[in-house]
Amino acid sequence: MNKLFHKGIYGIIKQDDTILLIKKTRGLYKNYFDLPGGRQEEGETHEQALVREIEEETGVIPKKWKYTETFHYQCDYLQNGKLYEFHHEGLIYMIEEFDAQNIDFFRSLEDSGGCEWKAIDKDIQFSPFAKMICKQLSTRH
């Protein structure tokens, strides 16, 4: 079986009883809400990638954060008629302070179609990856 691997760096941004999520427009998580974040570019630290990705996807600028842990999600994924074993690794950071003055709810990028504050306790169409992370972290706090 073909294999796909994705490693990304993601931020959990909470405000009151809501969490900031992006709407995916392509890939395995298309049409699902996911955590803002993405791939680290060459020469970037994890923290530089975290700040860049969140700002690119939402307009929010992280100011203070704390590494939480690394999560892994694995599933089969059909892409262009080929079946892949997909492995997703995500380094998760809790964003403790942020500047949301320039938030852009309609920002459209390569694989993101904007962001939304969503109530944490509502039935959200989370990506399986984001659902697993939010569920595990909510049981600890």
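**Aromatic pairs in this model**

Author: Let's start with W117, which is partly exposed at a relative accessible area of 22%. Partly exposed sits between buried (under 20% relative accessible area) and exposed (over 50%), using a 1.4 Å probe and protein chains only.

Reader: Before we go on, what kind of model is this?

Author: This is a predicted model, where local features need pLDDT of at least 70, side-chain atom pairs count only at pLDDT 80 or more, and totals for chains, interfaces and linings use all residues. Residues are numbered from 1 along each chain as its sequence is written, and side-chain values use heavy atoms, with hydrogens and water left out.

Reader: Cool, how many aromatic pairs are there?

Author: Searching the whole structure gives 5 aromatic pairs. Rings of Phe, Tyr and Trp (its six-membered ring) pair if their centres lie within 6.5 Å; planes under 30 degrees apart are stacked, over 60 edge-to-face, and the rest tilted.

Reader: So what sort of pair do Y67 and Y93 form?

Author: Y67 and Y93 are edge-to-face, 5.5 Å centre to centre with 70 degrees between the planes. The pair links distant parts of the chain, 26 residues apart: Y67 is in strand β5 (residues 61-79) and Y93 in strand β6 (residues 82-99). Strands here are DSSP runs (E, at least two residues), numbered from the N terminus.

Reader: Is Y93 buried or exposed?

Author: Y93 is buried, at 3%, while Y67 is partly exposed at 40%.

Reader: Switching topic, which residues do ring pairs link into a cluster?

Author: Y29, Y77 and F86.

Conventions: Helix = DSSP H or I, 4+ residues; strand = E, 2+ residues; numbered from the N terminus.
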